[in-house]
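Let's walk through this protein together, from single residues to the fold as a whole. Please open the sequence and the 3D view side by side, and we can begin.

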Amino acid sequence: MVEIPAGEIVLRDEGTRTDWQVKVAPFRLAPYPVTRELYGAVRGEAPAGGAAGARTPVTEVSWRDAIRFCNLLSEASGLTPCYALGGEQDEQDPDARDVDCDWAADGYRLPSEAEWEYACRAGDSGVRYGELDEIAWYRGNSGDRVHEVAAKAPNAWGLHDTIGNVWEWCWDLYDPGVYGPYRVFRGGGAYDPPRGCRASCRRKSHPTLRIDDLGFRLARSLTL
């Protein structure tokens, strides 16, 4: 995983035209999204549908699927899981309000929205960190399909596919006062026009959503 230095990021919600500044502690982030190969090795099989290649990003995973994967990989790696999940699997809250995160644990987790954008930008203040065709698979060059990870140029911190290929779940609630349990996802995907493939672009959906251009990327806290 890539070590991301501490810093600050200004997030923006274009719907409400509001900005807010967030301090980001140092953390680790995977250089590309979780692949079907890794997901299948941990969960026994990858979801049906979506791209079929072993090194394509896993899709058709809900926010809770991603959380459960993080815990299972942590346990398999001898690390402390970050997430406490309420109740048995068939009794868990579909809105995922019963999920708590221990940010001090050394296991795998989803990045926060601030961590995600801060890492995506890698110090760049532009719309995106490079020319779109060079860094991303999007509607204009993807052929309407998801591609293998790390086939496009990385950003300055060595992270691939933060823009384009698949959207990525983040930990955060989007706006609980308006959208209730909806969680944030970031980055744009292979079917999106350039407007959707920007470092600041925010989208959201219910934590049970599973679609063919939405995956996730692993993060870890840097613990003492």
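A contact here means heavy atoms within 4.5 Å. Keep that cut-off in mind for Leu-72: leaving aside neighbours within four places in sequence, Leu-72 is in contact with Val-42 and Arg-43. Before going further, note that this is a predicted model, in which local features need pLDDT of at least 70 and side-chain atom pairs count only at pLDDT 80 or more, while totals for chains, interfaces and linings use all residues. Residues are numbered from 1 along each chain as its sequence is written, and side-chain values use heavy atoms, with hydrogens and water left out.

Leu-72 sits in helix H2. Helices (H or I, at least four residues) and strands (E, at least two) are DSSP runs, numbered from the N terminus. How covered is Leu-72? Its relative accessible area is 31%, so Leu-72 is partly exposed. On this scale, buried means under 20% relative accessible area, exposed means over 50%, and partly exposed is in between (1.4 Å probe, protein chains only). If you would like a sense of distance, find Ser-200: Leu-72 and Ser-200 are 128 residues apart in sequence and 30 Å apart in space, C-alpha to C-alpha.

Now zoom out to the chain. Its secondary structure comes to five helices and twelve strands. The radius of gyration, taken over C-alpha atoms, is 16 Å, close to the 17 Å that the globule rule gives for 224 residues, so the chain is as compact as a globular protein of that length. That rule is 2.2 Å times the number of residues to the power 0.38. Along the principal axes, the C-alpha atoms fill a box of roughly 45 × 40 × 35 Å. Of the 224 residues, 51% are buried. Among contacts between residues at least 6 apart in sequence, 65% join residues at least 24 apart.

The outside can be described too. The protein chain exposes about 9900 Å², and carbon and sulfur atoms supply 47% of that area; accessible areas come from the Shrake-Rupley method with a 1.4 Å probe, and for residues, only the protein chains shown count as cover. There are 26 positive and 35 negative side chains, with the centres of the two sets 4 Å apart. In that tally Lys and Arg count as positive and Asp and Glu as negative, while His and the chain ends are not counted. The place of each charge is taken as NZ of Lys, CZ of Arg, CG of Asp or CD of Glu.

What about the inside? In soluble globular proteins, nonpolar side chains tend to be buried together. A nonpolar core is a set of buried Ala, Val, Leu, Ile, Met, Phe, Trp, Tyr and Cys residues joined through side-chain atoms within 4.5 Å. The largest one here has 28 residues, of which Trp-63, Tyr-83, Leu-110, Phe-216 and Leu-218 touch the most other members. Helix H2 (63-76), strand S6 (99-101) and strand S8 (167-173) each supply at least two residues of this core, and the largest share, six residues, comes from H2. Apart from this core lies another, of 13 residues, among them Trp-116, Leu-132, Tyr-138 and Cys-197.

Take Leu-110 as a way into the largest core. Leaving aside neighbours within four places in sequence, its contacts include Trp-63, Tyr-83, Trp-169, Trp-171 and Phe-216.

Helix H3 (residues 113-121) is mostly covered, with nine of its nine residues buried. Charged residues are on that list, including Glu-113, Glu-115, Glu-117 and Arg-121. Just after H3, Ala-122 takes a positive phi of about 50°.

Most residues other than glycine have a negative phi, and most peptide bonds are trans. Two aspartates in the loop between H4 and S8 deserve a look for this reason. Asp-144 lies in that loop, which follows helix H4 (132-135), and its phi is near 60°. Asp-161 lies there as well, with a positive phi of about 65°. Which of them is buried, and which exposed? Asp-144 has 55% relative accessibility, so it counts as exposed, whereas Asp-161, at 1%, counts as buried.
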